[in-house]
Amino acid sequence: MQVTGEKGIGSILKVILQVCFWGGIAILVLIPIILIVMGEHIGGAFIYVLCPNGIAMLVIVKQFIGLFDSLKENKPFSNKTVKRLKKASIASLVMAILFVIQTIYEFFLVKADIVFCIGLGFLVVLFFGVAIALYILSELFRQANEYKSENDLTI
Amino acid sequence: MIIVNLDVMLARRKMSSQELAEKVGITQANLSILKTNKARAIRFSTLDKICEVLDCKPGDILDYIK
């Protein structure tokens, strides 16, 4: 399956990512407003976990939009790509840490349903894994970028 | 570090960078990378051609400074 080029799915994926990004911003802004309008109480979980998690997710999506741009420009091996992958990795790590805090909070303080806590634990493992994968990928791209520049600067 | 003294040899041979690039068969951009010491490596084939065109030895173009 081709990602770039005329027949590539890159442009469709980029549109999907753009929709996710702007939709995410809209949801982040609208949820507190809707909750206030409905007379619901905005809990600590929203302010301290869901909202920062949303922002971290938006950071990841933004980095992926940037990665698609560099693919389109035919410059995948650059310092920008390495920085974008590192930023996405850090954002994913932040999400994992926030889910750890939420799991502890739900399990020990709220005494929430065990299935819900296991679900949160699964999210912790998932985002921690994603953070490690993205960090490894960024290191891979850093080395590839070094090889590329060495090749480019061999006359 | 290794430095490239191409400018000196070009001045001695009264040759322009463009002429050298054309005769050696490399682009002016690559010759500029070489002259400004930004190159990470130089192929033996390129060095051979430069020496042939400028009628000199590799030691006349390359120098080592601490």
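Biologist: Is the crossing of α2(B) and α4(B) left-handed or right-handed?
Modeller: This is a predicted model, in which local features need pLDDT of at least 70 and side-chain atom pairs 80 or more, while totals for chains, interfaces and linings use all residues. Residues are numbered from 1 along each chain as written, chains are lettered from A and ligands numbered from 1 in written order, and side-chain values use heavy atoms, without hydrogens and water. Helices are DSSP runs (H or I, at least four residues) numbered from the N terminus. With the near helix turned clockwise from the far one by less than a right angle (anticlockwise would be left-handed), the crossing of α2(B) and α4(B) is right-handed.

Biologist: At what angle do α2(B) and α4(B) pack?
Modeller: The axes, lines fitted to C-alpha atoms over the stretch in contact, are 9 Å apart for α2(B) and α4(B), the latter spanning residues 44–54 of chain B. The two helices are therefore oblique to each other (neither under 35, over 145, nor 65 to 115 degrees). On the scale of 0 to 180 degrees between N-to-C directions, α2(B) and α4(B) pack at about 120°.

Biologist: Which residues of α2(B) meet α4(B)?
Modeller: Contact means heavy atoms within 4.5 Å, and on the α4(B) side the partners are B:Thr46, B:Lys49, B:Ile50, B:Val53 and B:Leu54. From α2(B) come B:Leu20, B:Lys23 and B:Val24.

Biologist: Which residues of α3(B) does α2(B) meet?
Modeller: Helix α2 (residues 17–24) of chain B packs with helix α3 (residues 28–35) of chain B at about 110°, their axes 9 Å apart, and that makes α2(B) roughly perpendicular to α3(B). The crossing of this pair is right-handed. In α2(B), B:Ser17, B:Gln18, B:Leu20 and B:Ala21 meet three residues of α3(B): B:Gln28, B:Leu31 and B:Lys35.

Biologist: How are α3(A) and α4(A) oriented to each other?
Modeller: Helix α3 (residues 79–109) of chain A and helix α4 (residues 114–152) of chain A have axes that come within 8 Å, and α3(A) passes α4(A) in a left-handed crossing. Their axes cross at roughly 165°. The two helices are therefore roughly antiparallel.

Biologist: Which helix gives the largest share of the lining of the largest pocket?
Modeller: The largest pocket has a volume of about 270 Å³, and its 14 lining residues include A:Leu28, A:Leu50, A:Asn53, A:Gly54 and A:Met57, which lie nearest its centre. The lining divides into 11 nonpolar, three polar and no charged residues. At least two lining residues each come from α1 (10–37), α2 (44–72) and α3 of chain A. The largest share, seven residues, is supplied by α2(A).

Notes: On a 1 Å grid over the protein atoms alone, a cavity is a set of points where a 1.4 Å probe fits but cannot get out, and a pocket is an open set with protein on both sides within 12 Å along at least five of seven lines; lining residues have an atom within 4 Å of a point. Grid points are joined across faces, edges and corners, and a volume is the space filled by probe spheres set on the points. Ala, Val, Leu, Ile, Met, Phe, Trp, Tyr, Cys and Pro count as nonpolar, Asp, Glu, Lys and Arg as charged, and the others, Gly among them, as polar.
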